[in-house]
Amino acid sequence: MEIFGLIPKKNKRIDNMEINRLKGTIEALLFSAGKSLELSELCNVLEHDKETIKKIIEDMMISYEAEERGIRIRKLEDSYQLCSKEEYYDSLIRYMSRPRKYNLSQVMLETLSIIAYKQPITRQEIEKIRGVKCDHAINKLIEYSLVCETGRLDAIGRPILFGTTEEFLRCFGVESIVDLPKLSEEKMDDFKQEAEAEIQLSLNLD
């Protein structure tokens, strides 16, 4: 649906192919941003004037509403955001409220256990217990919302402190970290031995 004809930009005509390209680019930008983008931001990226981009977005908004699509573009003052249509909220809520499933490797489980029982704890302290680097495991646990940054240690370099989240408590069915089963020092030693085995296996493969 075309709500305007040829759009002037520096006395140049924009054909339908260029308009469709701009629509696709706008949709990709709004989707990737995951938040509202100001009209001026979009204009800078697309290298077109505000009147042109505004008209294109208005055309997109009308098309989205006319079609059976699950998304719409919402205008927020001088910004635009891609969002879900309200009529699909019930389905979205049912989906989002389902128990999340995590694919936790042995390394991630061990790292999570150390954080849970020793929190707040720095990455260096975790690696000292396991004997190997844990960057990837920690990043994945943060991605799964099981671990988060809780502050910084008052020491040289102010290293980041890590702890568990409410999502961790929900997943493991406990109200508080004090309700976790007691972990023996022998288990911590097991973690270190398994980490040493990982290193040896890696050296053998090399």
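Here is a walk through this structure, from the overall picture down to a few single residues.

Keep in mind as you look around that this is a predicted model. The protein has 206 residues, and 32% of them are buried. Its secondary structure comes to nine helices and six strands. The accessible surface adds up to about 13700 Å², and carbon and sulfur atoms account for 52% of that. How do the contacts run along the chain? Take those with a separation of 6 or more: 51% of them join residues 24 or more positions apart.

Let's begin with the strands. Three of them make an open sheet, in the order β1-β3-β2, with antiparallel pairing. The edges are β1, at residues 37–38, and β2, at residues 71–76, and each of these pairs on one side only. As background, strands of a sheet pair through backbone hydrogen bonds, and they can do so in a parallel or an antiparallel way.

Now look at the two pairings one by one. Strand β3 covers residues 79–84, and two antiparallel bridges tie β1 to β3. Here Leu37 has Tyr80 of β3 as its bridge partner, while Glu38 sits opposite Ser79 of β3. On the other side, β2 and β3 are paired over six bridges, again in the antiparallel sense. One spot to find there is Ile73, which faces Leu82 in β3. Between β2 and β3 the chain makes a hairpin with two residues between the strands, and Glu77 in this hairpin has a positive phi near 55 degrees.

From the sheet, move on to helix α5. This helix runs from residue 106 to 118, so to speak 13 residues in a row, and spans 18 Å from its first C-alpha to its last, close to the 18 Å expected at 1.5 Å a residue. Which residues of α5 are buried? They are Met108, Glu110, Thr111, Leu112, Ile114, Ile115 and Ala116. It helps to recall that an α-helix has 3.6 residues a turn, so residues three or four places apart point the same way.

Thr111 deserves a closer look. This residue belongs to helix α5, and its relative accessible area is 0%, so Thr111 counts as buried. What does Thr111 touch, once its neighbours within four places in sequence are set aside? The contacts are Ile126, Arg130, Cys134, Ala137, Ile138 and Leu141.

Helix α5 also takes part in something bigger, the largest nonpolar core, which has 21 residues. The residues with the most contacts inside this core are Leu104, Leu112, Ile115, Ile126, Leu141, Leu146 and Phe168. At least two residues of the core come from each of α5, α6 (123–130), α7 (135–143) and α8. The largest share, five residues, is supplied by α5. A second core, separate from this one, has 16 residues, and Leu30, Cys43, Tyr64 and Ile73 are among them. In general, nonpolar side chains of soluble globular proteins tend to be buried together.

To get a feel for the 21-residue core, try Leu104. Not counting residues up to four places away in sequence, Leu104 touches Leu109, Leu112, Leu141, Tyr144 and Leu146.

Next, a stop between two helices. Lys133 is found in the loop between α6 and α7. Is this lysine buried or exposed? Lys133 is exposed, because its relative accessible area is 64% and the cut-off for exposed is over 50%. Apart from neighbours within four places in sequence, Lys133 has contacts with Arg123 and Glu127. Between the C-alpha atoms of Lys133 and Arg123 there are 8.5 Å, although the two are 10 residues apart along the chain.

Finally, a word on cysteines. How many disulfides does a search of the whole structure find? The count is zero. Two cysteines show how surroundings can vary. Cys83 has a relative accessible area of 18%, and because buried means under 20%, Cys83 counts as buried. Cys171, at 35% relative accessibility, is partly exposed. You'll find Cys171 in helix α8, which covers residues 166–172. Its C-alpha atom is separated by 8.6 Å from that of Leu146, a residue 25 places away along the chain.

Definitions and conventions. Residues are numbered from 1 along each chain as its sequence is written. This is a predicted model: local features need pLDDT of at least 70, side-chain atom pairs count only at pLDDT 80 or more; totals for chains, interfaces and linings use all residues. Side-chain values use heavy atoms; hydrogens and water are left out. Helices (H or I, at least four residues) and strands (E, at least two) are DSSP runs, numbered from the N terminus. The expected span of a helix is 1.5 Å times one less than its number of residues. Buried means under 20% relative accessible area, exposed over 50%, partly exposed in between (1.4 Å probe, protein chains only). Contact means heavy atoms within 4.5 Å. Accessible areas come from the Shrake-Rupley method with a 1.4 Å probe; for residues, only the protein chains shown count as cover. A disulfide is a pair of cysteine sulfur atoms within 2.5 Å. A nonpolar core is a set of buried Ala, Val, Leu, Ile, Met, Phe, Trp, Tyr and Cys residues joined through side-chain atoms within 4.5 Å. Two strands pair if DSSP finds at least two bridges between them.
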